[in-house]
Amino acid sequence: MIALRNVAFYLAFYAGSVVMVLASMTVRALAPRKLPAMARTWSKMHHWCVRHLLGITIVEVGERPDTIALYALKHEAFFEAIALPAIFQDPVVIAKQELFDIPGWGGIAKAYGAIPVARGEGAKALRSMLRAVKPLADGSRPIAIFPEGTRVPHGERPKLQAGFAAIYKVLGLPVVPVAVNSGPLYQRRWKRSGRLEIRFGEAIQPGLPRDEIEARVRDAINALNPPLGD
């Protein structure tokens, strides 16, 4: 049953993704304002495949703020990266440069407003990223970032990347910690059914010193990190 579920998932999602990328390339050229709707459609298609083909129940826990915020997400699997447009309304995603190098998809992501991070370029990458995020301080769109910088196994607590505190300072927005227990279910070749929880913590006010905001966000996303459900 696990193998059949996974084969069905991979065939449906990746075939659907090819269609969505091709359609989005056309939309980018003719009606770029509709790209957010295309992103939401792709993300919701993924949600449907996860629920109905893999047998994973997706549950949100906690309340989000009424105002625009910087969302700091625990990162365990590719699930949450794909899920962002379905979870948030037109989010700006800060993601690794390698994703933007994917033919077709990368250009669409940039046109949508996603911000690449070249992790191996140090201060140069940080300055470029800060220039890109500065206009978002107007609070027009929610911003999503994976402050640990990469996917980590469930239960591990790595330090946050230095760029997170810089982005927090430039934006001047509250931070909402988010944890997703996707690793044990989704971060594997043969994905398992079960309960996947997206947990929202309490907002943390802007203006805190670097050491304090890093410590509070790191503690929060790990305290929220739910155990694997049955």
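R216 is partly exposed in this predicted model, with a relative accessible area of 33%, and the model being predicted is something I would ask you to keep in mind throughout. Its partner is E212, which is likewise described as partly exposed, at 35% relative accessible area, and the side chains of E212 and R216 meet in a salt bridge with an N to O distance of 3.8 Å. Both residues belong to helix α9, residues 210-224, and because they are 4 residues apart there, about one helical turn separates them.

Let me stay with charged pairs for a moment. Side chains of opposite charge can pair when their charged atoms come close. In this structure there are 8 salt bridges, and some of them share partners, so that R195, E197 and R199 are joined into one network. Within that network, E197 meets R195 at 2.6 Å, N to O, and E197 also meets R199, at 2.8 Å, N to O. What is the relative accessible area of E197, and does the residue count as buried or exposed? The value for E197 is 9%, and because buried means under 20%, E197 is a buried residue. The two arginines are placed otherwise, in that R195 counts as partly exposed at 34% relative accessibility, and R199 is partly exposed as well, with a relative accessible area of 26%.

That brings me to the sheet. Strands of a sheet pair through backbone hydrogen bonds, either parallel or antiparallel. Here 7 strands form an open sheet, and if you follow the structure across, the order is β1-β7-β6-β2-β5-β3-β4, with mixed pairing. At the edges you will find β1, residues 56-61, and β4, residues 115-117, each of which pairs on one side only. From one strand to the next, the twist averages 20 degrees. To take one pairing in detail, β2 and strand β6, which covers residues 175-180, run in the parallel sense over 4 bridges, and L73 stands opposite V178 in β6.

Two helices can then be placed against these strands. Helix α3 lies across β1, β2, β3, β5, β6 and β7, and runs at about 60 degrees to β7, the strand of residues 194-200. Helix α7, residues 162-171, packs on the sheet too, where it touches β2, β3, β5 and β6, and its direction makes about 165 degrees with that of β2.

Now to the aromatic residues, of which there is a good deal to say. The structure holds 11 aromatic pairs. One of them is F9 with F13, whose ring centres are 5.7 Å apart and whose planes are at 10 degrees, so this pair is stacked; the cut-off that matters for that word is that planes under 30 degrees apart count as stacked. F9 and F13 are 4 residues apart in helix α1, and therefore separated by about one helical turn. F9 counts as buried at 1% relative accessibility, and F13 counts as buried at 2%.

A second pair, Y71 with F88, is tilted, with 4.4 Å from centre to centre and 40 degrees between the planes. Which parts of the chain does this pair tie together? Y71 lies in strand β2, residues 70-73, while F88 is in the loop between α3 and β3, so the pair links parts that are 17 residues apart in sequence. Y71 is buried, and F88 is buried too.

Beyond single pairs, F9, Y10, F13, Y14, W42, F79 and Y186 form one aromatic cluster. Y186, a member of that cluster, also has a charge over its ring, since the charged end of K191 sits there, 4.0 Å from the ring centre. Elsewhere, R141 lies over the face of Y112, at 5.1 Å from the centre of that ring.

I will finish with one position in helix α1, which spans residues 2-30 and includes S24. Is S24 buried or exposed? S24 is buried, with a relative accessible area of 7%. If we set aside residues up to four places away in sequence, S24 touches L35, M38 and I108.

Technical notes: Residues are numbered from 1 along each chain as its sequence is written. This is a predicted model: local features need pLDDT of at least 70, side-chain atom pairs count only at pLDDT 80 or more; totals for chains, interfaces and linings use all residues. Side-chain values use heavy atoms; hydrogens and water are left out. Buried means under 20% relative accessible area, exposed over 50%, partly exposed in between (1.4 Å probe, protein chains only). Contact means heavy atoms within 4.5 Å. Rings of Phe, Tyr and Trp (its six-membered ring) pair if their centres lie within 6.5 Å; planes under 30 degrees apart count as stacked, over 60 as edge-to-face and the rest as tilted. A charge sits over a ring if NZ of Lys or CZ of Arg is within 6 Å of the ring centre and within 35 degrees of the ring normal. Two strands pair if DSSP finds at least two bridges between them. Axes are lines fitted to C-alpha atoms, for helices over the stretch in contact, and angles run from 0 to 180 degrees between N-to-C directions. A salt bridge is a side-chain nitrogen of Lys or Arg within 4 Å of a carboxyl oxygen of Asp or Glu.
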